[in-house]
Amino acid sequence: MVTDSMVKQMANNDDASKTNKLDAQASVAAQVPTTTSILQNLLKIGRIRPLDLAFAEFVMLHEHGKHAVDVNGIHVVGLLAAYLSSRLGEQDSCLNLDNTYQPFLPFYRFEPIDQLLPMLSASTCVAVVDERYTGEVANASTDKSTEKNALKSRASTSCEPVFAPQSKPLILQGSELYMQRYWQYEVQLASKINSMTGRATTLDVAQGQALLAQLFATHESKGSLAKNSLAKNSLAKNSAQDQQAAPIDWQQVAVCLAASQNVSVITGGPGTGKTTTVIRLMALLQGLARHAHKKLQIKLAAPTGKAAARLSQSISAAMGKLPTALQADLPNQCSTIHRLLGSIANSPYFRFNAQHPLHLDVLIVDEASMVDLPLMSKLFAALPAHAKIILLGDKDQLASVEAGSVLSDICAAALNFSPTVYDQPPPYSDEALRVIKDLCQIDLQVSTPNKAPISNSLALLHKSYRFSEKSGIGRLARAINSGKLAPSKALFADERYPDVVWQTSDEPKALVAKLLPDYQAYFEHVKHVCAQGTLHSKGLEVFSLLQQQQVLCAQKEANWGVLQVNALIESELNKKGAIELGRDFYPGRPVMLKQNDHSLGLFNGDIGIVMPDADNDELMKVWFVTEQNTLRGVLPSRLPPHDTVYAMTIHKSQGSEFDHVYLCLPRVETGSQARLLSRELLYTGLTRAKKSFTLYSDEQALSLSIARRCQRGSGLAKRLLF
Ligand SMILES: Nc1ncnc2c1ncn2[C@@H]1O[C@H](COP(=O)(O)OP(=O)(O)OP(=O)(O)O)[C@@H](O)[C@H]1O
């Protein structure tokens, strides 16, 4: 709708230049907005991208009815298409028309959904499917066959796979507007998850108990089974005191639950033991299979090469802590999801898919919060009917770089959209509670069990074994996650937590001045190692010196962005004579790769350091740490695209950890900077720190970050509650 005030304002502007009445009217007519002028204005101010404009034009070209335009002749469906496409660029999988959304003001104001509905239903470009998930298919199909319509109607409510009605470019389901492809991804993923969570698995309880006793009798949780048995006996005696004496071992709960479910999510913050738990889970599953004279094919996957390499390393390191007999037939090599599915060059499809499923029985996916909706949908589609999948990740971290927020949607559905309560179980069903009790004698109490099977898919790990109770980082992470500004500020101010510091200086120069002595020491070390020719024996020390500190920025450009901070650090180092800025590949320059190169075994996100070849100090190479903890040099000419990395974005830091993290939030000068900030962004940056965390931001950026949750448009969680 073009608002009265908008037209009035234009008319007033014209009145100001009155010459005669006729001229003024002609001028007003000339300026009455058209769909094209609105879209062009939106493009001009950067509210939409050229791609969004092209999509809107495509939709308008294919709109044959007259119903898609409003009383002023504005093509509402075209504008909605532009908006939906722009939201996809912001990683939403769909657009919720129930929300108060007025993204195109001051150029256009959308009517509420009830008034838009007749227009959308009549549009030749929009299929309206299943009003609010329970109703009939409205104009879903012109199929004559009642049977087909009935099937579609049932499918839209039960999330069985369906073919999109008439292959229209836009789908409206309930109040959510989708691009056809993303609607398909969501429906197919939900359908597969629902079919897997609805399938029962039976475990050999006696054998399971015996294996769990062995698995949890080792390592730090020695005796926890015994303690839990004590808790059971105590419960029988109704002794509250004894119950308190036996804290619940949530890792054991996670193992029992994931062993008995076909889809599970094990989520927790850094150092809460996700890897430790999943190794025990694999050993339990393989042990049970062995007892039944079978052998499971267990595979490990991660969204990036870096995450895959890290999981391979931590699994190999932790495997030795298992009883030797239970280490047999466990995998320790993790591949990327793309490699697992079999990428096809220049194609969005994979070799393994619903028609050609993967050859595996159990799939474990690490860093699952980074997996976007299209990839997760394809991964689930490629699972064989009998398979089990376990997703590991931190639900409070930033979601995937591309559209969707699958991990947090599954968690939201499992929690029935309630917030998590520290040390309390999710609303498990009675059946799941019984399995946990049978297998590991832990008697959990749940006040309101969730009826949807998805509730049994979630295992929450709360206790961090990396941060002690005295750690400010651990406490600050909890305060940020609970969205509380005052306790977060209090932690920064509290002298008992010197590991968290807040600097409100508004110029990056202060940060650079603070870091400079450490970088100078780093470059001295580089020079020393190069001069002594001790690259192969001492090179790893150079890496550990570099990784002691890391600057993280919320954005790449603009104030407090990666480019600004990197340039400032380089310029100050140049002034101090530590580096020569004229050379691209100067000794000590740290670089981060922006692309995988499988032939070189290098991955997007890998960090290398420029240093001369050990045998030829004229020949610069970029050195990387190998899985065997040795160094390997690559000629700059062979290097995949890369950036200097004194500072990196928080997004790029996902999956890495550093001793000291310096996190920079921008001064909020534009709407897009405000939208960039979120609790998840701050939490992700904070939890990269192992020893200390220093925040550089003004009060506004901090409070905006803590207040704002990054909630992506998605209908997945609702679909999982059917
Ligand atoms: N139950 C436990 N008791 C004592 N220490 C534990 C326990 N579980 C894990 N740890 C230790 O805590 C550290 C972190 O564990 P782990 O790597 O499994 O956590 P994580 O959640 O996978 O960590 P991240 O994903 O942040 O790297 C390891 O040193 C591990 O040995």
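This passage walks through the ligand site of a predicted model and then turns to two regions further along the chain.

A good place to start is the ligand and its surroundings. The shell around the ligand holds 16 residues, and those that come nearest are Gly 271, Lys 274, Thr 275, Thr 276 and Arg 310. Sorted by character, the shell divides into two nonpolar, eight polar and six charged residues. Helix α13, which spans residues 274–291, supplies the largest share of this shell, with three residues.

Several polar atoms of the protein face the ligand. The side chain of Gln 251 places an N or O atom 3.0 Å from a nitrogen atom of the ligand. For Gly 273, the partner is a polar backbone atom, 3.0 Å from an oxygen atom of the ligand. Arg 310 contributes a polar side-chain atom, 2.9 Å from an oxygen atom of the ligand. Taken alone, the ligand exposes 630 Å², and the protein buries 79% of that area.

The UniProt record helps to put some of these residues in context. In an unreviewed entry, UniProt lists Gly 268, Gly 269, Pro 270, Gly 271, Thr 272, Gly 273, Lys 274 and Thr 275 under "binding site". Two of the residues listed there, Gly 273 and Thr 275, can be followed further.

Gly 273 sits in the loop between β5 (263–268) and α13. Its relative accessible area is 12%, so Gly 273 counts as buried. Leaving out residues up to four places away in sequence, Gly 273 touches Gln 251 and Leu 461. Gln 251 is thus met twice here, as a contact of Gly 273 and through its side chain beside a nitrogen atom of the ligand.

Thr 275, in turn, belongs to helix α13. Its relative accessibility is 23%, and Thr 275 is therefore classed as partly exposed. Beyond its neighbours within four places in sequence, Thr 275 is in contact with Leu 311, Ser 314 and Ile 315.

Further along the chain, helix α20 (residues 485–493) contains Ala 486. This residue counts as exposed because its relative accessibility is 57%. Ala 486 and Ser 703 are 217 residues apart in sequence, yet their C-alpha atoms are 9.2 Å apart in space.

One more region carries an annotation. An unreviewed UniProt entry places the feature "domain: UvrD-like helicase C-terminal" at residues 645–695. Over this stretch the chain is 35% helix and 33% strand, and the C-alpha atoms at its ends are 18 Å apart.

Definitions and conventions. Residues are numbered from 1 along each chain as its sequence is written. This is a predicted model: local features need pLDDT of at least 70, side-chain atom pairs count only at pLDDT 80 or more; totals for chains, interfaces and linings use all residues. Side-chain values use heavy atoms; hydrogens and water are left out. A residue is near a molecule or strand if one of its heavy atoms lies within 4 Å of it. A polar contact is a pair of N or O atoms within 3.5 Å; within protein, one must be able to donate a hydrogen and the other to accept it, and residues adjacent in sequence count only if both atoms are side-chain atoms. Accessible areas come from the Shrake-Rupley method with a 1.4 Å probe; for residues, only the protein chains shown count as cover. Helices (H or I, at least four residues) and strands (E, at least two) are DSSP runs, numbered from the N terminus. Ala, Val, Leu, Ile, Met, Phe, Trp, Tyr, Cys and Pro count as nonpolar, Asp, Glu, Lys and Arg as charged, and the others, Gly among them, as polar. UniProt positions are given in the numbering used here, feature names are shortened, and annotations may be inferred rather than shown by experiment. Buried means under 20% relative accessible area, exposed over 50%, partly exposed in between (1.4 Å probe, protein chains only). Contact means heavy atoms within 4.5 Å.
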